[in-house]
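Biologist: Hi! Could you walk me through this one while I have it open?
Modeller: Happy to, here it comes.

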Amino acid sequence: MNERVTPPDYRSFDDLPSQTEIGFGEIVGIDLSSHTSPFTHGLHRYPAKFIPQIPRWAIKELSRPGEVVLDPFMGSGTTIVESLLADRVAHGIDLDPLACLIAQAKTAQANRLELRHLQEQLASSVLREEDNLIVPMAGVKNFEHWFSRATWGTLQNIRNKILTLDCSEESRAFLLCVFSSILRRVSNADDQTQKTYVSGTLRKNPPAARPTFFRALERAINSLDSFGVRASETHAHIHRASATAMPIADQSIDLIVTSPPYLDSVDYMYNMMVEYFWLGDVLGIPHRKDFNAARKLSVGGKKSQISLPPPSCVSELIDFNELPDYRKAAAASYFSSMDEHFREAARVLKTGRQYVLVIGNSQTEKGQLPVHDALVSMASTHGFSLQHAFGYRIRRHYMKFPRKGRGGIILMDWVIILKNEGHGPTPLRRLPMPEILISPDAVAH
Ligand SMILES: C[S@@+](CC[C@H](N)C(=O)[O-])C[C@H]1O[C@@H](n2cnc3c(N)ncnc32)[C@H](O)[C@@H]1O
């Protein structure tokens with residue numbers, strides 16, 4: 001197991017200062033004393049969410065009001081929310097349909113009067129547990145492992161009511177997102193970790209589904225109120241698509257801000273399994289088999305089916321023969337997908353504009369992998385030059401325990417600013433890789 005030591009002193013900020021005040025390769029701290037879930041940011045949990053401070057900083061530093069910001073690995077849409085709050089036009093792309101639903105709900109200029117009316121309608125009609133229990137996703141066995149019969153019946157009733165409401169599709173998507181946001185809490189699954197599992201030792205006493213849903217709905221509509229007052233009228237454009245083939249016009253984007261998947265770390269869909277059980281059919285994933293197939297498409301997925309060799313500039317930095325067998329294929333497919341993505345990014349981003357990439361390195365038994373450096377090398381073959389880079393440390397959400405052993409511990413995140421020079425390859429500039437190891441309490445929470 002890795003030895004952990006307290007990191008050296010570093011400058012710590014509530015909000016990051018301008019990039020000119022941060023040294024190349026410097027490591028800064030971000031205090032999370034300021035609130036991380038204002039507006040609609042807290043609507044739904046999502047693995048490896050951005051803290052809003054990061055995209056807010058990048059958008060302010062590197063774009064102007066009215067310009068177009070893209071997050072090609074959008075996740076739950078933190079960049080999209082911050083873009084609209086800063087009066088930018090936003091495009092978000094993700095393969096995961098639940099991520100798209102969440103991002104849509106968080107940025108919907110949904111008719112809040114309609115939502116209040118629907119809230120009343122639901123409150124007066126969601127009265128009972130249904131007794132004819134139906135497993136909501138075909139192919140899922142032993143559903144009572146995940147939900148008690150009483151909770152199952154109540155959830156079935158709420159879901160059916162939402163699906164049959166006479167309302168706009170935008171409002172229905174918002175209500176389904178709120179419904180989804182309570183599922184892990186009211187299930188038997190542990191809600192302190194990302195992975196979806198029922199602990200055999202730590203029995204959970206889940207709260208009742210009905211009051212939990214109505215409390216979440218009240219909070220969600222209030223958050224939409226505060227978002228709606230501040231956000232621009234411009235619409236967010238959410239695309240369920242791949243960052244390796246983006247439905248975005250050439251040279252149309254002023255700034256890219258994103259945190260792509262980490263190498264071989266998070267299985268986003270698996271972590272959202274109970275949510276998929278209930279919403280899979282609405283999201284185009286009606287059967288357990290479809291769910292398992294969709295999981296394999298994600299960049300960095302352990303079971304990824306893309307098996308191209310890694311680009312040669314990556315092999316110069318990472319010796320794939322040194323990797324344990326179980327990581328070789330996943331790592332190779334990760335880098336070849338990211339290479340495809342950079343090609344696309346160079347196509348859609350205007351020449352002379354920036355791409356802000358947030359990425360962590362991961363740990364193997366043999367040491368840290370310079371993932372950040374490998375990504376910069378690959379990006380340079382597509383015409384991106386390295387403009388600035390610094391590391392930052394925060395407390396992480398939904399990572400109660402540091403990842404040990406096989407998955408690797410993410411040591412810290414890098415903010416890398418690339419510039420699209422419009423032609424490649426660009427000269428290479430190496431990134432430092434300080435040996436910072438994190439104590440468990442610095443990673444937890
Ligand atoms: C680190 S998460 C992004 C989290 C996001 N910054 C947030 O605040 O919620 C990475 C995302 O990349 C998505 N992803 C994985 N492979 C993808 C691909 N080929 N195209 C688009 N998105 C992909 C995953 O579904 C996941 O939502």
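Biologist: Thanks! Which residues of helix 6 are buried?
Modeller: This is a predicted model, and in it the buried residues of helix 6 are Ser171, Phe174, Leu175, Cys177, Val178, Phe179, Ser180, Ser181, Ile182, Leu183, Arg184 and Val186.

Biologist: And what do those buried residues pack against?
Modeller: They pack against helix 3, helix 4 (112-125), helix 5 (149-164), helix 7 (209-230) and helix 9 (273-279).

Biologist: How many residues does helix 6 have?
Modeller: Helix 6 runs over residues 169-186, which makes 18 residues. From first C-alpha to last it reaches 26 Å, close to the 26 Å expected at 1.5 Å a residue.

Biologist: New topic: the sheet. In what order do the strands come?
Modeller: There are 9 strands in an open sheet, ordered 1-2-10-11-7-6-3-4-5, with mixed pairing. Strand 1 (11-13) and strand 5 (236-240) are the edges, each pairing on one side only. The twist averages 25° from one strand to the next.

Biologist: Which helix touches strand 3 (68-71)?
Modeller: Helix 2 (residues 78-85) does; packing on the sheet, helix 2 also touches strand 4 (89-94), strand 5 and strand 6 (253-258). Its direction makes about 175° with that of strand 4. Helix 3 (residues 97-107) packs on the sheet too, touching strand 4 and strand 5, and its direction makes about 170° with that of strand 5.

Biologist: Last one, the ligand. Which residues are closest?
Modeller: Phe50, Phe73, Gly75, Thr78 and Val299 are the closest of the 22 residues that surround the ligand. That shell divides into 12 nonpolar, 7 polar and 3 charged residues.

Key. Residues numbered from 1 in each chain as written. Predicted model: local features only at pLDDT ≥ 70, side-chain atom pairs only at ≥ 80, totals over all residues. Pairing = 2+ DSSP bridges. Helix = DSSP H or I, 4+ residues; strand = E, 2+ residues; numbered from the N terminus. Axes fitted to C-alpha atoms, helices over the stretch in contact; angles between N-to-C directions. Contact = placed C-beta atoms within 7 Å. Near = placed C-beta within 6 Å. Nonpolar A, V, L, I, M, F, W, Y, C, P; charged D, E, K, R; others polar. Expected span 1.5 Å × (residues − 1). Buried ≥ 20, exposed ≤ 12 C-beta atoms within 10 Å, placed from the backbone.
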